[in-house]
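User: Hello! I am new to protein structures and would like to learn how to read one. Could you take me through this example step by step?

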Amino acid sequence: MAPDSEEPRLSHLDDRGGARMVDVSGKAVTTREAVAEGFVAMRPETLALIQEGGLPKGDVLAVARVAGIQAAKRTSELIPMCHPLPISAVAIALDPVGDARLRVEATVRTEGRTGVEMEALTAVGVAALTVYDMCKAVDRGMRIEGVRLLEKRGGKSGEWRAEG
């Protein structure tokens, strides 16, 4: 495919199909923000233990929040083609949905040349995995579900919001 083609192409592949890190040096520095979500499905008894603080490993929500923040900051160490970014803010929310699901939401912000979608998604994934780790002794059947980007702002492409 020619570089000036209007067809969408994978930005992390060069003209020969090899992996590459995208050159963002020509992009403007702007405020960029991304919001992602995911869910941890579990037995109602497990969610009740989380809310009551009745698990032997401690405060599940506090530890998962810290894990999500740390994950956002270290995304470029985990995802090979991600740029290391100066993260300005990370917020992690963990809220019950019904009696058997925990919703994990991450909001990440930076002033930079590339977006923070991967940082938000990584934060959600690691926070959810931390919930699993801390609760697996009482509920090995938990499921991490629906991890997705909800919205992003900033940069040349502007705003984007997920449907539904």
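**Reading the chain, feature by feature**

Analyst: Gladly! Of the 164 residues of the chain, 36% count as buried. Buried means under 20% relative accessible area, exposed over 50%, and partly exposed in between, using a 1.4 Å probe and protein chains only. This is a predicted model, in which local features need pLDDT of at least 70 and side-chain atom pairs count only at pLDDT 80 or more, while totals for chains, interfaces and linings use all residues. Residues are numbered from 1 along each chain as its sequence is written, and side-chain values use heavy atoms, with hydrogens and water left out.

User: Which pattern does the chain follow along the sequence?

Analyst: Start with the definition: helices (H or I, at least four residues) and strands (E, at least two) are DSSP runs, numbered from the N terminus. Here there are four helices and five strands. Reading along the sequence gives β-α-α-α-β-β-α-β-β.

User: How do I describe two helices that pack together?

Analyst: Two packed helices are described by the angle between their axes and the distance between the axes. The axes are lines fitted to C-alpha atoms, for helices over the stretch in contact, and angles run from 0 to 180 degrees between N-to-C directions. In this model, take helix α2 (residues 60–73) and helix α4 (residues 117–135): their axes come within 7 Å and cross at roughly 145°.

User: Is the crossing of α2 and α4 left-handed or right-handed?

Analyst: The rule is that a crossing is left-handed if the near helix is turned anticlockwise from the far one by less than a right angle, and right-handed if clockwise. For α2 and α4 the crossing is right-handed.

User: Which residues of α2 and α4 meet?

Analyst: Contact means heavy atoms within 4.5 Å. On the α2 side, the residues include Val60, Val63, Ala64 and Ala67. On the α4 side, they include Thr122, Ala123, Val126 and Cys135. By class, this contact has 12 nonpolar, three polar and one charged residues. Ala, Val, Leu, Ile, Met, Phe, Trp, Tyr, Cys and Pro count as nonpolar, Asp, Glu, Lys and Arg as charged, and the others, Gly among them, as polar.

User: What about glycine 125: is it buried or exposed?

Analyst: Glycine 125 is found in helix α4, and it counts as buried because its relative accessibility is 18%. Its C-alpha atom is 8.7 Å from that of glutamate 37, although the two are 88 residues apart along the chain.

User: Do contacts often join residues that are far apart in sequence? What percentage join residues at least 24 apart?

Analyst: Among contacts between residues at least 6 apart in sequence, 68% join residues at least 24 apart. Threonine 30, in strand β1 (residues 30–41), is a good one to look at. Leaving out residues up to four places away in sequence, threonine 30 touches Thr110, Glu111, Gly112, Gly154 and Gly155. Threonine 30 and threonine 110 are 80 residues apart in sequence, yet their C-alpha atoms are 8.1 Å apart. With a relative accessible area of 26%, threonine 30 is partly exposed.

User: How many disulfides are there?

Analyst: A disulfide is a covalent bond between the sulfur atoms of two cysteines. The search looks for a pair of cysteine sulfur atoms within 2.5 Å, and over the whole structure it finds zero. Cysteine 82 is buried at 12% relative accessible area, and cysteine 135 is buried at 0%.

User: And how many salt bridges does the count come to?

Analyst: A salt bridge is a side-chain nitrogen of Lys or Arg within 4 Å of a carboxyl oxygen of Asp or Glu, and the count comes to 14. One of them joins aspartate 133 to lysine 136, with the closest N and O atoms 2.5 Å apart. Aspartate 133 is partly exposed at 33%, and lysine 136 is partly exposed at 25%.

User: Which residues are linked in a network of salt bridges?

Analyst: Glu33, Arg109, Glu151, Arg153, Glu159 and Arg161 are linked in this way. Within it, glutamate 159 pairs with arginine 161 at 3.6 Å between the closest N and O atoms, and glutamate 159 counts as exposed at 54% relative accessibility.

User: Where is glutamate 145 found?

Analyst: Glutamate 145 lies in strand β4 (residues 143–153). Its side chain meets that of arginine 143 in a salt bridge of 2.8 Å, N to O. Beyond its neighbours within four places in sequence, glutamate 145 is in contact with Gly38, Phe39, Ala41 and Arg101.
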